[in-house]
Amino acid sequence: MKNKRTTLVHLIYFSRLNLAADALTRSRELGEITRQAQKKNEFSVITSFLIVEQNFAAQIIEGERMSVNDTFGRINVDTRHRDVQIVEWREIVKREFVNSFSTCVRNPANDALFQKANLLPMFQRGTPRAISIQSLALALQTESMSKQGIDHLFV
Ligand SMILES: Cc1cc2nc3c(=O)[nH]c(=O)nc-3n(C[C@H](O)[C@H](O)[C@H](O)COP(=O)(O)O)c2cc1C
């Protein structure tokens with residue numbers, strides 16, 4: 001029989017960030033979120049990827065079902081963002097993300113990938129597709145790993 005105690009799931013949500021308008025404070029605030037999330041996710045064996053475009057955030061959280069539940073329970077009540085909406089929450093066969101917490105903000109260097117994904121109008125309508133968020137996050141991860149010289153390691 002399948003062992004249900006170790007079910008692997010992913011949860012994809014999007015939200016509107018309540019971060020400062022000026023770039024410096026904003027990056028400091030994102031840095032603070034990153035520090036907290038990395039520590040907690042490492043402890044809970046969560047892997048995740050956070051996309052930031054304008055004031056929208058979209059995050060994929062992977063891990064054991066109860067760990068993802070607990071993590072999302074905390075994220076959901078965090079006042080640094082609002083209108084948190086689940087896009088997809090389902091069982092997965094394997095993890096796709098390698099770090100406990102990575103974040104990627106749209107910038108001139110990764111603009112082409114964001115443009116191709118075209119998430120912004122979906123965020124604005126309130127109907128982003130899970131696959132669009134997931135594909136962009138994977139493309140950003142691949143790009144970041146190849147910049148570090150880590151190609152063809154994960155297939
Ligand atoms: C956009 C966003 C993403 C976050 N991602 C995570 C995450 O992946 N893991 C996590 O533990 N906390 C994450 N946090 C932080 C949590 O909301 C929370 O502040 C943190 O887990 C500490 O919770 P505690 O003060 O209840 O211990 C995120 C917060 C925001 C605003």
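Helices (H or I, at least four residues) and strands (E, at least two) are DSSP runs, numbered from the N terminus. This is a predicted model, in which local features need pLDDT of at least 70, side-chain atom pairs count only at pLDDT 80 or more, and totals for chains, interfaces and linings use all residues. Residue numbers start from 1 along each chain, following the sequence as written.

**View 1. The whole protein, with five helices and five strands.** Starting at the N terminus, the order of elements is β-α-β-β-α-β-β-α-α-α. The radius of gyration (taken over C-alpha atoms) is 15 Å, close to the 15 Å from the globule rule (2.2 Å times the number of residues to the power 0.38) for 155 residues, so the protein is as compact as a globular protein of that length. Along the principal axes, the C-alpha atoms fill a box of roughly 50 × 35 × 30 Å. Take the contacts (C-beta atoms, placed from the backbone, within 7 Å) with a separation of 6 or more: 74% of them join residues 24 or more positions apart.

**View 2. Helix H5, residues 130-147, and its two faces.** At 1.5 Å a residue, its 18 residues should span 26 Å (1.5 Å times one less than the number of residues), and the end C-alpha atoms are indeed 26 Å apart. Ile-133, Gln-134, Leu-136, Ala-137 and Leu-140 are buried here (20 or more other C-beta atoms within 10 Å of a residue's own, with C-beta atoms placed from the backbone; exposed is 12 or fewer, partly exposed in between). They cover an arc of only 165° around the axis (from the directions from the helix axis to the C-beta atoms), which puts them on the same side of H5. Over on the face turned away from that buried side sit the exposed residues Ile-131 and Ser-146.

**View 3. What lies over the buried side of H5, and what follows the helix.** The cover over the buried residues includes strands S1 (8-17), S2 (47-53), S3 (56-64), S4 (81-91) and S5 (102-105), along with helix H3 (111-117). After H5 comes Gly-149, with a positive phi near 80°.

**View 4. The shell of 17 residues around the ligand.** Ala-37, Lys-40, Arg-74, Asp-78 and Arg-80 come nearest (a residue is near if its C-beta atom, placed from the backbone, lies within 6 Å). Helix H1 (23-44), S2, S3 and helix H2 (65-76) each give two or more residues to the shell, and H1 gives the most, with five. By type, the shell holds seven nonpolar residues (Ala, Val, Leu, Ile, Met, Phe, Trp, Tyr, Cys and Pro), four charged (Asp, Glu, Lys and Arg) and six polar (the others, Gly among them).

Key. Two residues are in contact if their C-beta atoms, placed from the backbone, lie within 7 Å.
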